[in-house]
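Open your viewer and get the selection tool ready. We'll go from stop to stop, and at each one you'll pick something and see what is there.

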Amino acid sequence: MMDLIDLVQTLTSPHPLDRYLELVRPTLTVRDMRAEITNVHRSTPGSVTLTLRPTRQWKGHVAGQFVQIGVVIDGVRHTRCYSPVNPSGRDRRIQLTVKAHPDGLVSQYLYHHAAPGMVVDLTPADGVFRLPEPRPERVLLISGGSGITPVLSMLRTLAAEDHAGEVVFLHYAKSPAVLPHRAELDAIAQRHPNFRIELRYPHRAPDTARVDPDAPWVDLNQPKSNGYFDYDELERVAPWFADAQTYVCGPQSLMDAVRTIYQAEQLEDRLHTEEFTLSLAPVDAADAQGTVNFSASGVSAQNNGASLLEQAESAGLSPEYGCRMGICFSCTAVRRSGCTRNLRTGETDSDPDQPIQLCISAPVGDVAVDI
Ligand SMILES: Cc1cc2nc3c(=O)[nH]c(=O)nc-3n(C[C@H](O)[C@H](O)[C@H](O)COP(=O)(O)OP(=O)(O)OC[C@H]3O[C@@H](n4cnc5c(N)ncnc54)[C@H](O)[C@@H]3O)c2cc1C
Ligand code: FES
């Protein structure tokens, strides 16, 4: 079969076969994976839940993983990562919940324009943040804001499997109104006595931070806290946390608070994290010298030590990017000369004509990059 496809690809050269098939129907593809949006649900202000029907190449996801979605906006294709919220399994559909960032390009586009029938590009599910096999007996899921998505997929998976062990889902939201999938959380809590759903709204006044009158699972007799994650909160919701596997995804402050406690308790190996943004080490003044030359555009700028993606954007260029944290490779470009530092590992490299990821590479002195 693949030989035949290769032959047809050769005959349709220079365009791949999928370029012709998409003229017939966008989801009729041989190689490219795509998905058709079949349902759009705006249940909470500021976020949208999309149901997608992928093309036949889709192999499913493991709870916690992410996919990349590609959309064309004003003639330019943009790719972003989103973590399915539906449970793992052989379901031929994907559900994504996208938070509309105030200045975000793709999230605003999807929030305002996604409609049934729209076709988007799709990549296979990826990522090491995943619910393991066999399932841990005790599972602690912690999330904040839009970070709910991968851990909700884990919660739904465990619920669908009637997991017999203890499960705590601790989620931080700005208010009950902006919490997506609320009805399902209610239903899971009611169906599974061994699952506890703990919702926190820490920006509220301290005496109401833990009290959500509509939530049947909130114990109003619990001691009050300031509503933020801390050691006491951890002990209260999951006193067995040292024996559990913990999965956390949320804003930097929440991630830092959880990491600090697990490090102090020497439980790092039981903590599994996913981040939607990368917090980079501060710029090294010794690296921030010389000139960055964006050779394909004929633009040069003083090297300020930031990532090449940020420096290119500051210089008025618009290189393609997806995750801005080194996982999707959308921003890959060729470093013609000079030395760059990998901002995740700290390693430097100066081999000429090498592909680098602009979002996690910072120039060390003079650098020429082919964008
Ligand atoms: C593994 C993973 C899973 C994810 N899962 C989800 C999910 O399930 N749901 C969800 O809502 N989101 C998720 N995200 C986040 C998502 O991929 C997007 O980052 C988010 O939707 C914002 O994209 P955007 O195009 O709207 O914003 P963008 O336009 O890309 O802007 C987002 C931010 O990028 C920075 N930025 C953009 N342009 C510039 C510039 N010119 N100069 C400097 N900084 C700039 C800014 O900080 C800005 O606030 C996930 C991310 C990752 C990495
Ligand atoms: S934008 Fe994803 S690797 Fe750089």
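## Stop 1: around the ligand

Select ligand 1 and the residues around it: there are 23, and among them Cys-81, Gly-104, Val-106, Ser-107 and Thr-149 come nearest. (A residue is near a molecule if its C-beta atom, placed from the backbone, lies within 6 Å of it.) The elements giving two or more residues to this shell are S4, S5, helix H3 (105–113) and helix H8 (308–314). Color H3 now, since the largest share of the shell, four residues, comes from H3. By type, the shell divides into nine nonpolar, eight polar and six charged residues. Here Ala, Val, Leu, Ile, Met, Phe, Trp, Tyr, Cys and Pro count as nonpolar, Asp, Glu, Lys and Arg as charged, and the others, Gly among them, as polar.

## Before you go on

You're looking at a predicted model, where local features need pLDDT of at least 70, side-chain atom pairs count only at pLDDT 80 or more, and totals for chains, interfaces and linings use all residues. Residues are numbered from 1 along each chain as its sequence is written, while chains are lettered from A and ligands numbered from 1 in the order in which they are written.

Color by pLDDT, the predictor's confidence in each residue, from 0 to 100. The protein chain has a mean of 89, with 85% of its residues at 70 or more. Now select residues 205–224, where the pLDDT is below 50; beyond near neighbours in sequence, this stretch has 28 contacts in the model. (A contact means that two C-beta atoms, placed from the backbone, lie within 7 Å.) Where pLDDT is low, the predicted coordinates should not be read in detail.

## Stop 2: the six-stranded sheet

Switch to cartoon view. The protein chain has eight helices and 17 strands; these are DSSP runs numbered from the N terminus, helices being H or I with at least four residues and strands E with at least two. Find the open sheet ordered S4-S3-S6-S1-S2-S5, with antiparallel pairing. (Two strands pair if DSSP finds at least two bridges between them.) Its edges are strand S4 (76–82) and strand S5 (94–99), each pairing on one side only.

Zoom in on strand S3 (residues 67–73), which is joined to S4 by seven antiparallel bridges. Pick Val-72 and you'll find Arg-77 of S4 opposite.

## Stop 3: the five-stranded sheet

Next, find the open sheet S9-S8-S7-S10-S11, where the pairing is parallel. Strand S9 (195–200) and strand S11 (271–274) each have a single partner strand, so one side of each is left without a neighbour in the sheet. Strand S10 (residues 245–249) runs parallel to S11, with four bridges between them, and Val-248 faces Thr-273 in S11.

Now add helix H4 (residues 148–160), which lies across strand S7 (139–144), strand S8 (167–172), S9, S10 and S11, at about 150 degrees to S7. (Such angles run from 0 to 180 degrees between N-to-C directions, with axes fitted to C-alpha atoms, for helices over the stretch in contact.)

## Stop 4: a loop and a hairpin

Is Asp-269 buried or exposed? Asp-269 counts as exposed because it has 8 C-beta neighbours inside 10 Å. (Exposed means 12 or fewer other C-beta atoms within 10 Å, buried 20 or more, partly exposed in between, with C-beta atoms placed from the backbone.) Look for Asp-269 in the loop between helix H7 (252–264) and S11.

Finish at strand S12 (residues 291–294) and strand S13 (residues 299–302), which run antiparallel with four bridges. They form a hairpin with four residues between them, and Gly-298 in the turn has a positive phi of about 70 degrees.
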